[in-house]
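Have a look at the sequence and the model below before reading on. We will then walk through them together, one region at a time.

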Amino acid sequence: MSNASDILLEARNITKRYPGQLALDDVTFRVYRGRVNVLIGENGAGKSTLMRILCGAESHDEGEIWMDAQLLTLGSPRAAAAHGIAIVHQELSVFANLDVSENIFAGREMVSMGMVNRRAEDERSLSALTRLRKPLEASTLASELSLGCRQVLEIARALAHQSRLLILDEPTSALSQAEAETLFEAIGDLLAAGLTIIYISHRLGELMRLGDAFTVLRSGKVVGTAMRGEATREWIVTTMSGRPMHVKTERRRVADATRMLEVRDLTVGRGLDGGSAEPVLDRISLSVCRGEIVGIFGLLGAGRTELLETLAGSAPGFTGDIAVDGHRARLRSVSDAMDAGIALVPEDRQRDGLVPELSVRENIVLALQGERWLSRTKETERVMELVRKLRIEVRDIELPVTALSGGNQQKVLLARCLARKPRVLLLDEPTRGVDANAKAEIYRVLRELADEGLSVLFTSSEIEETEELADRALVMREGRIVAELGPGEMTDVALMNAASHDVAASRIDRRMLTT
């Protein structure tokens, strides 16, 4: 049993209504001091709404928020920050045109005698980044940082302002396995220093490793709570979904040996002129057969995203040969790639994929802009066919795409790609930021598409995803393909050893490899 003094913050009987929707229904959420407080739920369960209320970005209609026996009024993020509450959102808010230190102190600059004290800001920035075991240069522009480093930058911003309660929303979604491990070690340091953490993730291995207290939301209600030792993977999935845990399916057999995509000696230099001695991609050769699903596994910086972007026409300055269905493809632009039958679902759906101001229908038909002969009726028929095929849960295709859960937003991007009827589908981190059951649904859809003859090439930083989805896996390291693993060879140890030659099998924490 926990004492009242163990509770840092308590949201009591919180209710939040939107027009036509009850987002939170009499929710009570306790945050235990100095611990990792895990908040779990499928997309749309109410997690983000509750966190926006706790960080002052949303107001609640009913209920109270108490912190250290004090009733709080959180009318704005600034008011929450004054109480030591900070949040790092899954969709990052880094300013690309500012450097590391300027990002950390944006809007809360350290001023001395009417001037910004840049030296003091740099020192505090370096201190926060060092606590996260990522000492980035304070003068580095955020636009030059990888997605993983931008995630670390967001967390450093909260630490630099001496937060007491840190909310982490999917903090490892952009991190490699190695960087995630560094973050977990840093979380241990932060807890030891007195910080309290609310942790949101769909990766069950992370939750089982880090969590001290577990709260499960479903349809805006708390449906389960447990402490460490009481919560199991099966309990988490069953409680948050109301359904039994997804059972892994049998691996598909690929019968068609026709090579739909062939890549030979693909090389991309680091500079715009491609003249670097250390290329981003170095003599990449691969193939994907008709109806085959090939996974590319690798750590952050291995070149996975750069490979897919090159195949999608975003890096025209490459050398080497690319062929689709036996015909050489000249990929000088994205339109060239689409004309060749290649479509890409990008890693960051908010930044590079969806147009939030547009409806579900409009987001899907963006791919059909070149087909002006399509009537509105035919266009809508094409959209509805894809909505049914992909089982996109939306009651009206004219609703804003932002009204959908993360998993359904990912399906909208997939529908846009399929609208052009590609031969080769590329997916960069296909289930980033979606819950366990939405993942299973996306896997099912991709298998059905492959069974119909579509060739699929996807990247992933998740070992379990690679093992679950791929018919065959390629492992990348430092811009090269260093291993190819068949169905019987795709194990966590084999994948990790190939991706990181300095990580011994004996050091791999299996709990982190079963996400």
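What follows is a short tour, from the whole chain to a few of its helices, strands and loops.

This is a predicted model, in which local features need pLDDT of at least 70 and side-chain atom pairs count only at pLDDT 80 or more, while totals for chains, interfaces and linings use all residues. Residues are numbered from 1 along each chain as its sequence is written, and side-chain values use heavy atoms, with hydrogens and water left out.

Let us begin with the whole protein. It holds 17 helices and 22 strands; helices (H or I, at least four residues) and strands (E, at least two) are DSSP runs, numbered from the N terminus. Of its 515 residues, 54% count as buried. Here buried means under 20% relative accessible area, exposed means over 50%, and partly exposed lies in between, with a 1.4 Å probe and protein chains only. Contact means heavy atoms within 4.5 Å. Among contacts between residues at least 6 apart in sequence, 67% join residues at least 24 apart.

Now find helix α4, at residues 118-131. Its 14 residues reach 20 Å from the first C-alpha to the last, close to the 20 Å expected at 1.5 Å a residue; the expected span is 1.5 Å times one less than the number of residues. Which residues of α4 are buried? They are Ala120, Glu121, Ser125, Ala128 and Leu129. These residues cover an arc of only 165° around the axis, which puts them on the same side of α4. The arc is that of the directions from the helix axis to the C-beta atoms. As background, an α-helix has 3.6 residues a turn, so residues three or four places apart point the same way. The buried residues of α4 pack against α3 (100-104), β8 (115-116) and α5 (147-160). On the face turned away from that buried side sit the exposed residues Arg119 and Glu123.

Just after α4 comes Arg133, with a positive phi of about 60°. From Arg133 we can cross to Glu179: the two are 46 residues apart in sequence and 9.5 Å apart in space, C-alpha to C-alpha. Glu179 belongs to helix α6 and is buried, with a relative accessible area of 15%.

Helix α6 leads us to a sheet. Six strands form this open sheet in the order β6-β9-β10-β3-β11-β12, with mixed pairing. Two strands pair if DSSP finds at least two bridges between them. The edge strands, β6 (85-88) and β12 (221-227), each pair on one side only. From one strand to the next, the twist averages 20°. Helix α6 (residues 177-192) packs on the sheet, where it touches β3 (36-40), β9 (165-169) and β10 (196-200), and its direction makes about 150° with that of β10. Axes are lines fitted to C-alpha atoms, for helices over the stretch in contact, and angles run from 0 to 180 degrees between N-to-C directions.

At one end of the strand order, 6 bridges join β11 (residues 213-218) to β12, and the two run antiparallel. Ala213 stands opposite Met227 in β12. In the loop between β11 and β12 you will find Ser219, which has a positive phi of about 55° although it is not a glycine. Ser219 is exposed, with a relative accessible area of 60%.

Further along the chain, β13 (residues 259-268) and β16 (residues 319-324) pair in the antiparallel sense over 5 bridges. The bridge partner of Val263 in β16 is Ile322. β16 also pairs with β17 (residues 327-328), again antiparallel, over 2 bridges, and Val324 stands opposite His327 there. The hairpin of β16 and β17 has 2 residues between the strands, and Asp325 takes a positive phi near 55° in it.

Is Ser460, in strand β20 (residues 455-460), buried or exposed? At 0% relative accessibility, Ser460 counts as buried. Leaving aside neighbours within four places in sequence, its contacts include Ile296, Phe297, Glu429 and Thr466.

Finally, consider the cysteines. The structure holds 0 disulfides, a disulfide being a pair of cysteine sulfur atoms within 2.5 Å. Cys55 counts as buried at 6% relative accessibility, and Cys417 counts as buried at 8%.
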